[in-house]
Amino acid sequence: MNNNMNRRGFFSFVAKTAGIAVVAPTVLTAVFSNSAFAQKKRGGDNPAAGGAMPMVDPNDAVAKAVKYVEDAKNAPDAKGNHCANCGFYVKKETRNGKEAGTCTIFAGKLVYGPGWCASWNKKA
Ligand code: SF4
């Protein structure tokens with residue numbers, strides 16, 4: 001407060017400052033609670049996994065192109081093959097009660113071990 005500030009100016013200053021002090025954290029909380037950062041911090045869809053990598057969405061363009069399904073039982077062409085026994089798969093963790101791992105085709109995402117796609121390749 002400067003020396004020239006009168007009583008009304010002082011209370012106006014305090015009210016505005018208090019308003020910012022109350023509103024700013026509320027706005028920041030709302031922004032961060034909906035952000036990808038917050039989702040990652042919460043662990044995505046699996047808190048135990050730390051949410052580091054998202055699951056492949058079967059509706060993604062690449063997933064559709066290779067006919068990826070989250071359960072090989074839904075793919076007549078799988079013929080007993082699935083991600084967990086594919087050469088492109090590396091087991092990482094459990095998601096939603098199912099084994100999940102990385103796949104060379106889907107960089108930065110996980111596929112389900114019981115999943116399958118048309119690019120299945122016999123494990124060496
Ligand atoms: S390439 Fe292999 S691990 Fe990747 S989605 Fe297809 S079957 Fe699963």
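Arg-95 belongs to strand S1, which spans residues 89-95. In this predicted model, Arg-95 has a relative accessible area of 2% and is therefore classed as buried, the limit for that class being under 20%. The side chain of Arg-95 makes a polar contact with the side chain of Glu-93, at 2.6 Å.

The loop between S1 and strand S2 (98-103) holds Asn-96. What is the sign of phi in Asn-96? The value is positive, near 50°, and the residue is not glycine. Most residues other than glycine have a negative phi. Asn-96 has a relative accessible area of 49%, so the residue counts as partly exposed; the exposed class requires over 50%.

A positive phi also occurs at Lys-67, where the angle is near 60°, again in a residue other than glycine. Lys-67 sits in the loop that runs between helix H3 (61-65) and S1. Is Lys-67 buried or exposed? Its relative accessibility is 52%, so Lys-67 is classed as exposed, given the cut-off of over 50%.

The ligand remains to be placed. The space that the ligand takes up is the largest cavity. Which residues surround the ligand? They are Tyr-68, Cys-83, Cys-86, Phe-88, Tyr-89, Cys-103, Ile-105, Phe-106, Cys-117, Ser-119 and Trp-120. By residue class, this shell consists of 10 nonpolar residues and 1 polar residue, with no charged residue. Cysteine and tyrosine are counted as nonpolar here.

Methods
Residues numbered from 1 in each chain as written. Predicted model: local features only at pLDDT ≥ 70, side-chain atom pairs only at ≥ 80, totals over all residues. Heavy atoms only, no water. Near = heavy atom within 4 Å. 1 Å grid on protein atoms, 1.4 Å probe; cavity = no way out; pocket = protein on both sides within 12 Å on 5 of 7 lines; lining within 4 Å. Sits in = over half its atoms within 2 Å of the grid points. Helix = DSSP H or I, 4+ residues; strand = E, 2+ residues; numbered from the N terminus. Buried < 20%, exposed > 50% of the residue type's maximum accessible area, 1.4 Å probe, protein only. Polar contact = N/O pair within 3.5 Å; in protein donor to acceptor, adjacent residues only side chain to side chain.
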